[in-house]
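Student: Could you take me closely through the strand pairing in this model, and then through one helix contact?

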There are 2 protein chains.
Amino acid sequence: MIKLSQRQKEIIDLVKEKQPITSEQLAGKLNLTRAALRPDLAILTMTGILEAKPKVGYIYSKKPSYSILYDYIRNIKAKDIMSKPVVMDEETKVYDAIVYLFLNDVGTLFIENKGYLVGAVSRKDFLKTAIGGTDMHQVPTGVIMTRMPNIIWVEAGDSAYLAAKKIIEHEVDSLPVVEKVIEGSKELYKIVGKISKTNITKLFVKLGNDV
Amino acid sequence: MIKLSQRQKEIIDLVKEKQPITSEQLAGKLNLTRAALRPDLAILTMTGILEAKPKVGYIYSKKPSYSILYDYIRNIKAKDIMSKPVVMDEETKVYDAIVYLFLNDVGTLFIENKGYLVGAVSRKDFLKTAIGGTDMHQVPTGVIMTRMPNIIWVEAGDSAYLAAKKIIEHEVDSLPVVEKVIEGSKELYKIVGKISKTNITKLFVKLGNDV
């Protein structure tokens with residue numbers, strides 16, 4: 001892992017403290033010529049750590065270079081961060097499904113029929129049912145679940161970024177990660193994983209970890 | 001925003017395709033001398049885009065330079081991403097609290113007493129109560145909430161990274177962002193915001209956005 005040089009770190013600290021600061025002023029503070037500083041300043045602006053404002057001077061950039069952060073984040077795949085989905089069938093009574101949800105300590109259950117995704121049901125759906133006066137011991141989960149094709153999904157090769165974007169845009173807690181299967185004229189979906197806000201939050205923590 | 005040069009992009013593509021590849025091989029493919037390549041390779045390894053393995057060659061690094069990503073992520077503050085907390089008092093009956101939760105479209109309610117944090121109650125707590133046979137119209141929320149000092153919180157100046165870490169480590173959906181107030185010998189907490197997995201997921205999407 002490449003680290004910044006001691007002089008580059010000093011430059012960053014000076015800029016943070018005195019910004020905006022010109023290369024002339026920086027050279028003065030470091031007892032160097034401007035020419036001697038040029039390579040370090042080139043690297044620090046290339047990496048996006050510093051920003052050079054014409055006729056103003058250098059400032060400390062809050063955001064690292066577009067290409068580095070963007071490229072890194074977009075290269076993490078759904079399959080790299082997905083976890084095991086908890087699946088059930090739609091005949092299961094709502095009450096038993098809630099117990100199953102707690103036993104597995106998840107927020108969403110995915111519903112399968114003959115091995116293919118047909119629905120999804122979340123803690124929020126269950127809570128709505130629970131206060132709605134429904135007899136949870138009688139009603140099957142199929143009645144309250146969200147049904148295909150209204151389920152938002154991703155594929156294993158999609159980016160984690162796309163998964164997070166879909167979670168936010170469609171206001172859901174969790175997405176199934178699916179594998180498409182063509183059967184005659186129909187497109188069916190095998191559930192191979194799931195990505196929830198928990199997976200994204202864990203990934204964010206990993207990005208910020210110092211190892 | 002500083003961008004990589006055309007030649008640097010060509011180098012990255014070559015390394016991605018042929019890795020590991022030596023600087024000699026790279027120079028050959030680009031019709032350049034090794035000396036002419038040196039500044040570009042220095043920048044690409046400094047930024048952590050490429051990794052130089054001694055006696056092996058250059059490889060494309062999956063993770064950008066420690067200092068850049070780490071520094072950027074650790075500099076985002078809780079106050080930069082927090083949202084408005086939804087608060088209630090502990091006398092409110094469970095049923096009414098659940099209705100209030102849906103009306104505000106949140107996953108957690110924070111409970112205040114005389115302006116200070118005393119508890120928190122989540123969709124999961126409510127669902128557990130709902131299937132437990134409790135009379136939700138009679139029981140006050142105070143009976144089922146998590147009570148101080150068992151609530152995990154952060155302060156506005158803490159990093160978003162710390163908030164995400166606490167959410168994962170303590171397996172909660174949401175943290176109150178608090179301001180400490182000393183009253184006599186007691187430390188009290190004013191709720192000034194909240195950070196949930198949704199806030200962290202939104203932040204991750206923002207990091208991956210191309211603007």
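Tutor: Strand 4 (residues 108–113) and strand 5 (residues 116–122) of chain A pair in the antiparallel sense over six bridges; pairing requires at least two DSSP bridges, and helices (H or I, at least four residues) and strands (E, at least two) are DSSP runs numbered from the N terminus. The model is predicted, with local features needing pLDDT of at least 70 and side-chain atom pairs 80 or more, while totals for chains, interfaces and linings use all residues. Residues count from 1 along each chain as written, chains are lettered from A and ligands numbered from 1 in written order, and side-chain values use heavy atoms, without hydrogens and water.

Two residues lie between strands 4 and 5 of chain A in their hairpin, where Lys114(A) adopts a positive phi near 50°. Within this pairing, Phe110(A) of strand 4 faces Ala120(A) of strand 5. Phe110(A) is also the bridge partner of Val87(A). That bridge belongs to the parallel pairing of strand 3 (residues 87–88) with strand 4 of chain A, which spans two bridges. Helix 6 (residues 94–104) joins strands 3 and 4 of chain A in a right-handed β-α-β unit, the path over the helix running clockwise with the strands pointing away from the viewer.

Elsewhere in chain A, helix 1 (residues 6–18) packs on helix 2 (residues 23–30) at about 120°, the axes being 11 Å apart; axes are fitted to C-alpha atoms over the stretch in contact, with angles from 0 to 180 degrees between N-to-C directions. Among the residues in contact (heavy atoms within 4.5 Å) are Leu14(A) and Val15(A) of helix 1 and Leu26(A) and Leu30(A) of helix 2.
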